[in-house]
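Biologist: I would like to learn how to read a protein model one feature at a time, with the general idea first and then the case at hand. Could you show me the one we will discuss?

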Amino acid sequence: MPGGANNYRGSSLKPNAKSLVKKIGDVEASTATEECRLWVKGVFLGYKGGKKNQHEGTALVKLQNVNTKGDTAFYLGKRLAYIYKASKEDKGGSKFRVIWGKVTRAHGNSGVVRAKFRKNLPPQAMGRRVRC
């Protein structure tokens, strides 16, 4: 190896493997007050459209901290959930309903993604929160 080999044989400079591993008592336990969100916030922007046409079957969603086309690759195929509150309770007693969708591809270069939902999102959902 150019510049000489870094052999640590018999040297006290070599890091000890046991010193690199933390003991169970040394690790701090996380508190219940810390936020641990397993989904990314997103906003439903509108529908895919051209100059004259609007395609309600494809929704455009802007995801938080996704700013380039390359960043969207991680989210392709991931599930989306649009959660809304209805006036009447369902059979389970919950007033919350969900429309599920899936990220299909990127839209442009600024981190917006296209998504297909099982039922098309209503126009009232534009500008509202979507979970990914």
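Biologist: Which residues is Leu80 in contact with, leaving aside its neighbours within four places in sequence?

Modeller: Contact means that heavy atoms lie within 4.5 Å of each other. By that rule, Leu80 is in contact with Val61, with the run Ile99, Trp100, Gly101, Lys102 and Val103, with Ala115 and Phe117, and with Val130, Arg131 and Cys132, once its neighbours within four places in sequence are left aside. Please keep in mind that this is a predicted model, in which local features need pLDDT of at least 70 and side-chain atom pairs count only at pLDDT 80 or more, while totals for chains, interfaces and linings use all residues. Residues are numbered from 1 along each chain as its sequence is written, and side-chain values use heavy atoms, with hydrogens and water left out.

Biologist: How many helices and strands does the chain have, and in what order do the elements run?

Modeller: Helices (H or I, at least four residues) and strands (E, at least two) are DSSP runs, numbered from the N terminus. Here the chain has one helix and six strands, and from the N terminus on the elements run α-β-β-β-β-β-β.

Biologist: How many bridges join S1 to S2, and how many join S1 to S6?

Modeller: Two strands pair if DSSP finds at least two bridges between them. Strand S1 (residues 41-49) runs antiparallel to strand S6 (residues 129-131), to which three bridges join it, and within that pair Lys41 stands opposite Arg131. S1 is also antiparallel to S2, and here there are seven bridges, with Leu63 in S2 as the bridge partner of Gly42. The connection from S1 to S2 is a hairpin of four residues.

Biologist: Which residues have the most contacts inside the largest nonpolar core?

Modeller: In soluble globular proteins, nonpolar side chains tend to be buried together. A nonpolar core is a set of buried Ala, Val, Leu, Ile, Met, Phe, Trp, Tyr and Cys residues joined through side-chain atoms within 4.5 Å, where buried means under 20% relative accessible area, exposed over 50%, and partly exposed in between (1.4 Å probe, protein chains only). The largest one here has 19 residues, and those with the most contacts inside it are Phe44, Leu63, Leu80, Tyr82, Phe117 and Leu121. At least two residues of this core come from each of S1, S2, strand S3 (79-85), strand S4 (96-107) and S5. Across the chain, 23% of the 132 residues count as buried.

Biologist: Is Ala59 buried or exposed, and what does Ala59 touch?

Modeller: Ala59, in strand S2 (residues 54-63), counts as buried because its relative accessibility is 3%. Not counting residues up to four places away in sequence, Ala59 touches Phe44, Gly46, Val113, Arg114, Ala115, Phe117 and Leu121. Ala59 and Asn120 are 61 residues apart in sequence, yet their C-alpha atoms are 8.0 Å apart in space.

Biologist: How far from Arg114 is the nearest side chain of opposite charge?

Modeller: For this question Lys and Arg count as positive and Asp and Glu as negative, whereas His and the chain ends are not counted. A salt bridge is a side-chain nitrogen of Lys or Arg within 4 Å of a carboxyl oxygen of Asp or Glu. Arg114, in strand S5 (residues 112-117), is buried yet has no salt bridge, and the nearest side chain of opposite charge, that of Glu56, is 14 Å away. Among the contacts of Arg114 outside its sequence neighbours are Lys48, Thr58, Ala59 and His107.

Biologist: Is Thr58, one of those contacts, buried or exposed?

Modeller: Thr58 is buried because its relative accessible area is 9%, and its place is in strand S2.

Biologist: How many disulfides does the structure hold?

Modeller: A disulfide is recognised as a pair of cysteine sulfur atoms within 2.5 Å, and the structure holds zero of them. Cys36 counts as exposed, since its relative accessibility is 66%, whereas Cys132 is buried at 15%.

Biologist: Where is Asn65 found, and what is notable about its phi?

Modeller: Asn65 is found in the loop between S2 and S3, and its phi is near 60°, a positive value in a residue other than glycine. With a relative accessibility of 67%, Asn65 counts as exposed, whereas Thr72, in the loop between S2 and S3, is buried at 2%.
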